[in-house]
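Okay, thanks for coming, everyone. I'd like to spend a couple of minutes on how some helices pack in this one. Let me put it up on the screen.

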Amino acid sequence: MVTMACSYLILFLHFLFLLNFIFLSDATSIYDSFVNCLTTKSITQSEISKIVYSPNNLSFNSILQAYIRNRRFFNSSKTSKLAIIVTPTEESHVAGIVLCTKEINLQLKIRSGGHDFEGISYISDVPFIMLDMFNLRSISIDVNDETAWVQAGATLGELYYNIWMKSEVLGFPAGVCPTVGIGGHVSGGGYGNMLRKFGLSVDNVLDARLVDVNGRILDRKSMGEDVFWAIKGGGGASFGVILAFKIQLVQVPQTVTYFKVERFLDQNATDIVVQWQNVASKIDNNLFIRLLIQPVTAKNKEKVEGAEDTKTIRATFIALFLGDSSTLMSLVNKEFPALGLTKKDCFQMRWIDSILLWANLDNTARPEALLNRTGDSLVFLKRKSDYVLEPIPKDKLESIFHKMISLGKVGLVFNPYGGRMNEIPEDETPFPHRAGIIFKIQYSVTWNELGLVAEKDYLSQIRDLYSYMTPFVSKNPRQAYLNYRDLDIGTNDQGPNSLEQGRVYGTKYFKSNFDRLVKVKSMIDPQNFFRNEQSIPTQTHSIHVQGTRKHMKMF
């Protein structure tokens, strides 16, 4: 019996050895084929050695992990499917990378800053090559015509810093997280705290450079207006590789004002939220007031022995006003008196300094801090989104707050619309969430506990609250924001039912614009080479296969 067990063990170990050998052999085969192909695309061997990394390369893991922003995917089995990382240093490299990935029949994933909430720029269920754009991050500012060319691998922080270095009265309407990459942020819409004044990032895009499936580098004129329309909010990774955007800068005042005010349930937070809903999307376009709603534990102030701390809701109002504090005070006290804003709550500063505060940087931080690409400490997280068209009644808010307290960890972020967003037709860009939207909701849960049990608990919490909110949000479709990526609302296996699967999540992200996106996709990438778990499908099912070669199997 012992002898037989030993024999089985030896056979099993032999099998594992063989499996590992096959894996390494296939990985080497893929790497060699890819590198050999690149040499035929005018990329020299010396360049290749600096930009192509196999899993055997000592720098492979550090490059992969450098821009993973969600700890859920830090050691994911889905990143183990990654065959090669390529980090181009020239735009011409990208054309060769696209063509050679096609030639060896692997999937291509494109990463600009790694902030996709579901990690789809660096994970896959099938073997893939990751095109990491972090080396392509040049920024060229033209102060005279108030424009800039920004490469896809640049971060928002780098863009803001470079604008500030040239002018203190120019800015750009985009997100508040400085480590977000330009490529994904802008091509997904680009939402920030100046949208009520200037609209989205995509509403201020003038031109773009894109590598298509045939390796051509196209600008707005050569790609055509349909493709240019599609990459302004339809998600660039479905149509090609975004190399750079030309953006229209906007004028910001010498002085802006910031405030951050907290209110709890025992401070009439519910009444204040009710008034916020009726004011935030209608107030002066120069004012943006974000609202964070979080379940927290209120400490026993009297320190009564044996008394327990109580759970409550904290409502945090964070504002950017494009003007001085006196004007802001007059405006808020007239339109939003329930907040009880005081002069000491308001801080006047330069626009660039407000960026630092919105990024939760220390109040002593200097603009140079925006050049830090590392970002916050790595945590586990999940996000979801919704849109609200009618104010939620007070009694319903109270029930929502009670639900949040009972769940324990999930927070809500209310972002007001109105202003410029009401003026832009919903088919002007693929981003359709325009007139009629009062505010957008981001559902947010973040945790540090390790293990599947904790993950299951927190994912269950956020999904439970999302379900509970169904009566209060948009319907038919229940709208969602592409850049708050959420695979819960539908995924695509790229099979025969790809179009139907794509329509499930596509109408939530794009409403009726989805149909036009499908037509553009079918035109520029008919064989669906550029694809991911939530990409735009083609009108007919077709997956690119080079000639009659089969996929090289690694796993």
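A quick bit of vocabulary before we start: a crossing is called right-handed if the near helix is turned clockwise from the far one by less than a right angle, and left-handed if anticlockwise. And keep in mind that this is a predicted model.

So, let's take helix H13, residues 394–407, and helix H15, residues 452–468. Their axes come within 10 Å and cross at roughly 165°. Anything over 145 degrees counts as roughly antiparallel, so that's what H13 is to H15. And going by that vocabulary, this crossing is right-handed. Who's touching whom? On the H13 side you've got Ser399, Ile400, Lys403, Met404 and Leu407, and they meet Gln461, Asp464, Leu465 and Tyr468 of H15. Sorted by class, that contact has five nonpolar, two polar and two charged residues.

H13 also has a contact with helix H10, residues 269–279: those two axes come within 10 Å too, crossing at roughly 120°. That angle makes H10 and H13 oblique to each other, and the crossing is right-handed. From H10, Thr270, Asp271, Val273, Val274 and Gln277 meet Lys394, Leu397, Glu398 and Phe401 of H13. Here the split is four nonpolar, two polar and three charged.

Last stop, helix H11, residues 325–335. Ser325, Leu328, Met329, Leu331 and Val332 are buried there, and the buried residues pack against strands S12, S13, S14 and S15. At the N-terminal end, Asp324 acts as the cap, with a side-chain oxygen 3.1 Å from the backbone nitrogen of Ser326.

Technical notes:
Residues numbered from 1 in each chain as written. Predicted model: local features only at pLDDT ≥ 70, side-chain atom pairs only at ≥ 80, totals over all residues. Heavy atoms only, no water. Axes fitted to C-alpha atoms, helices over the stretch in contact; angles between N-to-C directions. Helix = DSSP H or I, 4+ residues; strand = E, 2+ residues; numbered from the N terminus. Parallel < 35°, antiparallel > 145°, perpendicular 65-115°, else oblique. Contact = heavy atoms within 4.5 Å. Nonpolar A, V, L, I, M, F, W, Y, C, P; charged D, E, K, R; others polar. Buried < 20%, exposed > 50% of the residue type's maximum accessible area, 1.4 Å probe, protein only. Polar contact = N/O pair within 3.5 Å; in protein donor to acceptor, adjacent residues only side chain to side chain.
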